[in-house]
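Student: I am new to this structure and would like a close look at a single part of it. Could you take me slowly through the largest pocket, and then show me how its surroundings fit into the rest of the protein?

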Amino acid sequence: MWTVLISLGAWVLAFSFGSASGIARTLPWKPARALGTAYVETVRNIPLLVQMFLWFFVLPELVPADLGRWLKRDMPFPEFSMAVLCLGFYTASRVAEQVRAGIESIPRSLVNAALATGMRLRQLYRHILLPVGYRVIVPPMTSEFLGIFKNSSLALTIGVLELTAQSRQIESYTFQGYEAFTAATLLYLAIAVIVLLLTRGIEGYTRIPGMIAREQPPV
């Protein structure tokens with residue numbers, strides 16, 4: 001349960017903030033591009049384990065004392081919340097790169113044609129760049145979604161009893177590590193298979209011929 005909750009909560013944050021950051025990196029405004037680039041290049045180049053410790057142990061010491069105490073003790077499920085925030089913002093930096101790549105993969109001729117018809121920048125993003133760009137990046141986004149489930153195992157380092165932590169706890173109490181970690185492995189595989197089956201249908205529905213995959217020739 002904790003593995004799924006952490007992963008889904010972090011994915012909502014990652015997709016929302018990552019989309020905003022990725023779009024910012026393609027805007028014609030230099031400050032927006034600079035902020036988006038600074039965020040992506042900083043966060044994705046710091047190991048996730050280090051970021052988990054920074055969020056849980058360091059952040060409460062940097063903010064005012066009352067807020068720090070609330071983050072450490074009074075906030076509902078502090079370990080869970082910090083794990084979601086850390087994993088969400090880390091994955092957002094990777095999602096931002098996918099969104100930027102999807103937007104920039106659209107032919108410039110299509111953009112120029114839209115601008116020639118009188119479209120404004122907001123209309124260009126709303127009607128062309130984002131609808132087409134998101135369809136292009138469905139396959140790599142599937143990998144990011146799977147990765148967030150695997151990376152959730154690092155939440156055990158700050159005390160969240162997710163799947164890997166539960167397996168270690170069972171192994172410590174029963175000395176049956178083989179059974180515990182085999183079960184954990186099978187559960188991770190089950191999650192991956194379910195996600196792949198769900199996203200395969202989405203990929204087929206959103207595929208753009210000539211941009212994502214070639215049409216299969218008739219037999």
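Tutor: The space in the largest pocket comes to about 250 Å³, a value computed, like everything that follows, from a predicted model. Its lining is made up of 13 residues, and those that lie nearest the centre of the pocket are Thr26, Arg108, Val111, Tyr125 and Leu129. Sorted by class, the lining has nine nonpolar residues, one polar residue and three charged residues. If you ask which elements build this wall, helix 5, helix 6 (108–116) and helix 7 each bring at least two residues to it, and helix 7 gives the most, with four residues.

Let us follow helix 7 onward from the pocket, to the place where it meets the next helix. Helix 7, which covers residues 121–136, packs against helix 8, residues 138–151, at an angle of about 60°, and the two axes are 5 Å apart. An angle of 65 to 115 degrees would count as roughly perpendicular and one under 35 degrees as roughly parallel, and helix 7 and helix 8 are therefore described as oblique to each other. On the side of helix 7 the contact is made by Tyr134, Arg135 and Val136, while helix 8 contributes Val138, Pro139 and Pro140. Taken by class, this contact of helix 7 with helix 8 has five nonpolar residues, one charged residue and no polar ones.

Helix 8 leads in turn to the second largest pocket, where about 180 Å³ of space lies. Val138, already named in the contact with helix 7, is one of the residues that line this second largest pocket, together with Trp11, Met141, Thr142, Phe145, Val195, Leu198, Thr199 and Ile202. Helix 8 and helix 10 (177–206) are the elements that give two or more residues to this lining. By class, the lining of the second largest pocket has seven nonpolar and two polar residues, and no charged ones.

Now return to helix 5, which also supplies at least two residues to the lining of the largest pocket. Helix 5 spans residues 78–104, and Ser93 lies within it. Is Ser93 buried or exposed? Because its relative accessible area is 0%, where under 20% is the cut-off, Ser93 counts as buried. Apart from neighbours within four places in sequence, Ser93 is in contact with Tyr39, Val40, Val43 and Arg44.

Phe77 is found in the loop between helix 4 (65–74) and helix 5. Phe77 has a positive phi of about 50°, although it is not a glycine. Its relative accessibility is 54%, and since the exposed class begins over 50%, Phe77 counts as exposed.

Finally, these parts can be placed in the protein as a whole. The protein has ten helices and zero strands, and its pattern, read along the sequence, is α-α-α-α-α-α-α-α-α-α. Taken along the principal axes, the C-alpha atoms fill a box of roughly 65 × 60 × 25 Å. Of the 219 residues, 39% count as buried, and Ser93 belongs to the buried class. Among contacts between residues at least 6 apart in sequence, 74% join residues at least 24 apart.

Conventions: Residues are numbered from 1 along each chain as its sequence is written. This is a predicted model: local features need pLDDT of at least 70, side-chain atom pairs count only at pLDDT 80 or more; totals for chains, interfaces and linings use all residues. Side-chain values use heavy atoms; hydrogens and water are left out. Buried means under 20% relative accessible area, exposed over 50%, partly exposed in between (1.4 Å probe, protein chains only). Contact means heavy atoms within 4.5 Å. Axes are lines fitted to C-alpha atoms, for helices over the stretch in contact, and angles run from 0 to 180 degrees between N-to-C directions. Angles under 35 degrees count as roughly parallel, over 145 as roughly antiparallel, 65 to 115 as roughly perpendicular and the rest as oblique. Ala, Val, Leu, Ile, Met, Phe, Trp, Tyr, Cys and Pro count as nonpolar, Asp, Glu, Lys and Arg as charged, and the others, Gly among them, as polar. On a 1 Å grid over the protein atoms alone, a cavity is a set of points where a 1.4 Å probe fits but cannot get out, and a pocket is an open set with protein on both sides within 12 Å along at least five of seven lines; lining residues have an atom within 4 Å of a point. Grid points are joined across faces, edges and corners, and a volume is the space filled by probe spheres set on the points.
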